[in-house]
Structures are given as C-alpha cells and as structure tokens.
Amino acid sequence: MKRSVVLRLSAVLGVAGVAGAIAFGVPQLQANADAVLAADGFAGQNGGTTGGSGGTTVKATTGTQIHQALCGRAASDTPIIIEVEGTINHGNTTKVSGDSCNTAADRIELKEISNVTIIGVGAGATFDQLGIHLRDSSNIIVRNVTVQNVKKSGSPLSNGGDAISMESTVRNVWVDHATLIASGGESAGYDGLFDMKDDTEFVTLSYSILRNSGRGGLIGSSETDTGNTAITFHHNRYENLDSRVPLLRGGVAHMYNNHYLKLNESGINSRAGAKARVDSNYFEDSKDVLGTFYTDAAGFWQVSNNIFDNVTWSAKGTENNPAGPNVTSNTSVSIPYAFTPDGASCVPAIVAATAGAGTGLKVSDGKCSATAAPTTPPTATASAAPSASASSTASPTASASPSASATASPTATGGVNLSIGAGADGSSKAGGTSYGNVKDGKPATFWAPNGATGDVSIKWPAATKVSRVVIVEASGSTIGAYQVINGATGAVLASGTGGGTISFPAVSTTKLTLKITNSTGTPRIAELQTFAS
C-alpha cells in the first residue's frame, strides 16, 4: 500500500553540503492555499487546465526539491501545487526516482504525469541554464517563473537548448506570466524559448516575455510533424528575436494582443497547411512579421485589427511569401472560446504593465487597463470576421479547429469518455482520414484503414483504468472481426465482430488498440470511446 504524500515526502533525505555548497532540503508541505485559476484560450478547452488545483501545496527552493515533490505523490496524477522560490540550476537539481515520477538531472522533468502547478512565489523563481520539459503529460500549469540561458551546445547543457518544451502526447498546458530569455542565437548555443512538437494540443501562453534569442519557438518539428494544434498566444512581448514567433507547421493557432518588437528576420511563420488567426496585435520595428517563409509549403492566416508600425517586407519568392505590405486574410479560422481583446493601439502599454514574471500576475481588463487576475476566464466574445479579401479557396475544413464540445464529458452510454483529450495512433490510415478522428467527440469524422484491416489506438500519458470500449461506426462501415488489445502488454482483452459496446475485466494501461483483422469492405470508425466502468 502506498504511503501518504506527507509520509513519503518527510522520508526524503536532506543532504547538507560543505561550506559554499548547495543544501538539499526536504520540500516544505503547507496548507492548501490554492489560488490557481483555470486557464483561458485553447488551454481552457478539452476539459480545461487547472493544474494541481485542490491538491497539496509544497514549497521548493531547489530543483531536487521540485522532483522530490513530484515523486512523493501517491500517484502520477495526484494533484500538487509546487511553490518555487530562489534560483534553480544544475548545482541543485538531481534525478529523483519514484512510482509517481520520471525525472532527470539536467532539466526539470514533467514526464508521464498530470495535475501539476509550478508557480514562482516570494522573491521569485529563476530557472538558470535549466529548462523545463513536458513529455507525455497533461493538465500542467507553469506561472510566474523566469527561465534563462538554456543551452544545447557549450556548457552546461539542458533540455536541448529550449527554455520550455513539450513533446509526445502533451495536453492542456498553461504557461502564464513567464519570462523566457536567452543571450543569443543558435551559434551561441541556444535553441527555442517555447517549443511544441509530436502531438501537443490545447496550450495557452499568456502574459509572458520572450526576449533575446534566435528562435522564439515552434509548433511542429518538421513539415511532417503537423499534428500539433489548438495553441493560444495572448498578451505576450516578443523582443529582439530573429524568427519563429512562432513557426507553425499544420494545426491552428490564435495570436491576439501580443507586442512584437524587433523581429529581425521573420515573425509568425505559418506553413505546411497551418492556419493562424492574428487579431489586434502590435508589430513594431520589425521585418516580415507574418507569412510563409523558408519553404514552398504554404500556410494560411486570418487577420483583423493589427497595427504595423515601421514594419518592412521582403519581395515574394519561391520559398518566401510575406503577408505584407498589404496584409489581408487568405482563410478563415473559427475559435471556440470567448475572448475580449484590447484595442491594438494600447497593446504595447498593457503588455508592458502585465507581461512577465514578477508583475503581480496582473492581467488586462479588456479595456486597456491592468487589473488583478480574475477569478474566472473571460466570458465576452470578440469574433473578428475575415477581411473582405479573404480567399474562399483556402477555407479550413469543418474539423480545422477543435470544437468546444470536444471535452471529456459524460456520454449517452454513461460515464466519462476517456478518449477525449487522449492521444491516438495506428498502423495504417486511408487517405484523407486521421487517427485523431476517433477521439475528437465528432461522429461526422472518422478513421479508416488503408484496406480491409488495420488498427487504431487510444493512448494516455499515464496508466488509465479501462473496462469498456464503444466502437461507433460511420455510415457505410463494414467491420468484420476485431480484437481489443492492451497496447502496453500486447494482451488480447476481447474479440468479436461488428461495432457496439465491448466489456472486459478492468485493466490499467497507457494504450488500448482496436485491431481489425477481417472485413468485407472498408471499416470506418467514427469514435473509439473508452470508459473506466
């Protein structure tokens, strides 16, 4: 039987160093003083992002203590709020092992976990040359921290040179009031400040500063890594960056009320079919702030109410398609959440008053004034229409942006559909279909194998209890024989023919696979719903 969080944490050994060395103490447990808010933007979708809300509050002053707090939880999904104060660096960060964590010595590792808040308190929290890495995790909040000078070459090395990075089935992350800075570009040893790749969805970066780097950040690591989507950037200050604010490959991103200052080479780089919605931003003293750059794989944008102050534009070429100087929309992008933008003219002032760590978590009131953080996300909606010149030939499909209804909510079959917000993959797919269609809560979309047989899987960042599957077929589907397989062990849990409900003894797994072994035609799976009971 697992011991309580208090007992497990109190059993961690504190190591006192010699004079001048770092002392590694036990994280200090406190009464729950949870003041963490639910996220807005896309991080507020898919069931919302609440981090460690409702969990124990722990104080940490070293990286090792952060890892101890994660490892001391009863389970990898036990909610926890980690209040951080002081400088976190290589000298006070070590790998810690435990059943509820998977940490590393050269970064703050949030791997295969969920329901965590890391927030800077007191005199502030600075992660110095030490990045924060999220992998196979969900429902994470990082607030009021500075991450600086993280290197991928030279010494010391951390997190591939990224200040904050996410990869491999990451869901629902809110980074708020952060300061992410470097001291140069790739030649000086730095990479991105805020990177997302390999199936990352439902992320919001708000009220933050990104400064003095060659690369602001990317969404998708290559032209084939296009499954990252549903990202919001608002009230951020991007200053003295060469490019990637962000580089967006595939997917949908929303940028509003950001101040872009001294973008030296390019700005929002929408490519490989990506769709960027760009509302009420202020671009200043910059070059090529929006378009498709360094590729012939076109991306798209919808623009409204932006200000371009001393912005220069390159000529169009085979691998260079700037949106300006006459900036107009070439697609339309629907946004499923409410937002109230400030007027673009006041964006530099409101961002200066609110963005970054150590600003008291102040936010905009939507009327160009700074105020204390609200107790609920915004409720008013500003739905800017595309400009009259928007191209009707580049319209997104019905599933281009996630729907607000695609959340982990009770279904008609009873219980919470655990597939909503999870990851998906498979062995084959017919052209024009996607693995993600089986877990998006939309019966109108479907996955089909490339032939009469194939498999599709639902996967979770942490072990999840499953005992029932519902196969929802699309019109015209012809499922023959199938197996339901525990993807973590390879064990066959059930077998049969046709769709419908399949029950089996409960298992705890990170992956569940529907394997279609025989069909007379083409199977079409609209939803692969999973339930705990």
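**A note on the aromatic rings**

1. A good place to begin is Tyr260, which is buried, with a relative accessible area of 0%. Please keep in mind as you look around that this is a predicted model.

2. One ring partner of Tyr260 is Phe283. Their centres are 4.6 Å apart and their planes meet at 10 degrees, so this pair is stacked; the cut-off for stacking is an angle under 30 degrees. Tyr260 belongs to strand 20 and Phe283 to strand 23 (residues 282–287), so the pair ties together parts that lie 23 residues apart in sequence. Phe283 also counts as buried, at 1% relative accessibility.

3. Now for the wider count: the structure holds eight aromatic pairs. Among them is the stacked pair of Tyr238 and Tyr260, with 4.9 Å from centre to centre and 10 degrees between the planes. This pair links distant parts of the chain, since Tyr238 sits in strand 17 (residues 237–243) and Tyr260 in strand 20 (residues 259–263), 22 residues apart.

4. Is Tyr238 buried or exposed? Its relative accessibility is 2%, so Tyr238 counts as buried, the cut-off being under 20%.

5. You may like to view these rings together. Ring pairs join Tyr238, Tyr260, Phe283, Phe308 and Trp313 into a cluster.

6. Finally, a contact of another kind: which residue lies over the face of Phe531? That residue is Arg468, at 4.2 Å from the ring centre.

Key: Residues are numbered from 1 along each chain as its sequence is written. This is a predicted model: local features need pLDDT of at least 70, side-chain atom pairs count only at pLDDT 80 or more; totals for chains, interfaces and linings use all residues. Side-chain values use heavy atoms; hydrogens and water are left out. Rings of Phe, Tyr and Trp (its six-membered ring) pair if their centres lie within 6.5 Å; planes under 30 degrees apart count as stacked, over 60 as edge-to-face and the rest as tilted. Helices (H or I, at least four residues) and strands (E, at least two) are DSSP runs, numbered from the N terminus. Buried means under 20% relative accessible area, exposed over 50%, partly exposed in between (1.4 Å probe, protein chains only). A charge sits over a ring if NZ of Lys or CZ of Arg is within 6 Å of the ring centre and within 35 degrees of the ring normal.
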